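Work through the exercises below with the model open. Try each task before reading its solution.

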Amino acid sequence: MVLETAGVGARVRRKRRGGLLREEARWGWLLQIPNIIGLLVFAAGPLIASLVMIFMNWQIITPPTYAGLDNFNTLFSDPLFAKALYNTVYITVFSVPLYMALGLLLALALNQKLRGMAIYRVIFFLPSQMPAVANAILWLWLFNPDYGLVNWFLGLFHIPPSTWVQDPVMAKPALIIMGIWGVGVGMIIYLAGLQGIPQELYEAAAIDGAGAWRRFRNVTLPMLTPVIFFSLIIGIINTMQSGFTTTYLFTGAQAGNGSTDSGGPDNALLLMFLYIYHQGFVDFSMGYASLLAWVLCVIILALTMINFKLAGRWVYYEGQLRG
């Protein structure tokens, strides 16, 4: 009789829990309606149009004409596409891990309970909020080979000066260095993750005799893996889609010289977004620009899916650690 009563109670609890989950799902979909409408009205149309445009030859000022696979043939024989893709991958591979590591180090340093720490957090976060154009102009001045502060600082250590964005070898590292200026966003994300780690985990580790390094390795890092995973995904997506404003100003493309290879010295700063812009709005090859955009989209989607597939091997959540 007792077992039967317990079974009935369990079924009632499961039914009640199922009802709550369905209620949450209904409210979730209801609150997403504005976003879904915005996606269908403002994004779905252009996405479908760009997909159709892949097979078109459209010079913007003339009606589009069917081109078949001509744009694909151009893609496979276009050396500038390969260069732009290489530059974009180079920046992503080197900048994303660097920004993630620096963001985590800053967050660890600024997570201390010291007086005036909030002021330091604001100081490190503010540069990331600088407008993109002002940021690019500032770094153009800092990288100036004649009177820039970067070469002046290197001169203090007797390091030979560099021409930076005018040098095919140093142009991409200059972009990566400039990106450190915006590491404050990652710092804030890691800081939120650090402050969400239960203190009892540190207390239990300390009771077991774990030192600072062991607590960081066995508690902090595992508990931060969801935040690290989020930062990795967002970093890859943002980096592969970014760089237009900076490279546009760095390469002097605003002069309107009409060249599709305005990517700096030896096209070292020709990133995918800049190349898409040139194809679409300088050369007026809107069909080919649409194809380039979709290629970039597919690459980002593939990288995101691979990371999600691998996430189960190294991303841990609080419930898993406690269970």
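**Exercise 1: Phe244 and its surroundings**

Task: Find the contacts of Phe244, leaving aside its neighbours within four places in sequence.

Solution. The model is a predicted one. Phe244 is in contact with Phe273, Leu274 and Tyr277 once those neighbours are set aside. Next, place the residue: Phe244 belongs to helix 11. Now classify its exposure. The relative accessibility of Phe244 is 25%. Buried requires under 20% and exposed requires over 50%, so Phe244 counts as partly exposed. Last, take a C-alpha distance. Phe244 and Leu269 are 9.8 Å apart in space, with their positions 25 residues apart in sequence.

**Exercise 2: Trp58 in its loop**

Task: Locate Trp58, then state which residues it is in contact with beyond four places in sequence.

Solution. Start with the secondary structure. Trp58 sits in the loop between strand 1 (56-57) and strand 2 (65-66). Then list the contacts. On one side of the list are Met53, Pro63 and Pro64. The others are Phe284, Ser285, Met286 and Gly287. Check a distant position too: Tyr288 is 230 residues from Trp58 in sequence, yet their C-alpha atoms are 8.8 Å apart. Finally, exposure. Trp58 has 26% relative accessibility and counts as partly exposed.

**Exercise 3: A helix pair**

Task: Describe how helix 3 and helix 10 cross, and which residues meet there.

Solution. First the geometry. The axes of helix 3 (residues 79-109) and helix 10 (residues 212-241) come within 10 Å. They cross at roughly 140 degrees. The crossing is right-handed. Then the residues. Helix 3 contributes Thr88, Ile91, Thr92, Ser95, Val96, Met100, Leu104 and Leu108. Among their partners in helix 10 are Phe216, Leu224, Ile228, Gly235 and Met240. Sort the contact by class: twelve residues are nonpolar, seven are polar and none is charged.

**Exercise 4: The nonpolar cores**

Task: How many residues does the largest nonpolar core have, and which have the most contacts inside it?

Solution. The largest core has 43 residues. Phe81, Tyr275 and Leu292 have the most contacts inside it. Trace the contributors next. Helix 3, helix 8 (184-195), helix 9 (199-207), helix 10, helix 12 (272-281) and helix 13 (286-311) each supply at least two residues. Helix 10 gives the largest share, with nine residues. A second, separate core has 19 residues, including Ile91, Val150, Leu154 and Met178. Met178 leads to helix 7 (residues 171-179), where it is one of the buried residues. Ala171, Lys172, Ala174, Leu175 and Ile176 are also buried there. The cover over these residues includes helix 3, helix 5 (132-142) and helix 11 (244-250).

**Exercise 5: The salt bridge**

Task: How many salt bridges are there, and where does Arg26 lie relative to Glu23?

Solution. The count is one salt bridge. Arg26 pairs with Glu23, and their closest N and O atoms are 2.5 Å apart. That is within the 4 Å cut-off. Both residues lie in helix 1 (residues 2-53). They are three residues apart, about one turn of the helix. Glu23 is partly exposed, at 34% relative accessible area.

**Exercise 6: The whole chain**

Task: What are the helix and strand counts of the protein chain?

Solution. The chain has 14 helices and two strands. Of its 323 residues, 34% count as buried. Then look at contacts between residues at least 6 apart in sequence: 69% of these join residues at least 24 apart.

Methods: Residues numbered from 1 in each chain as written. Predicted model: local features only at pLDDT ≥ 70, side-chain atom pairs only at ≥ 80, totals over all residues. Heavy atoms only, no water. Axes fitted to C-alpha atoms, helices over the stretch in contact; angles between N-to-C directions. Helix = DSSP H or I, 4+ residues; strand = E, 2+ residues; numbered from the N terminus. Left-handed = near helix turned anticlockwise from the far one by under 90°. Contact = heavy atoms within 4.5 Å. Nonpolar A, V, L, I, M, F, W, Y, C, P; charged D, E, K, R; others polar. Salt bridge = Lys/Arg side-chain N within 4 Å of Asp/Glu carboxyl O. Buried < 20%, exposed > 50% of the residue type's maximum accessible area, 1.4 Å probe, protein only. Core = buried A, V, L, I, M, F, W, Y, C linked by side-chain atoms within 4.5 Å.
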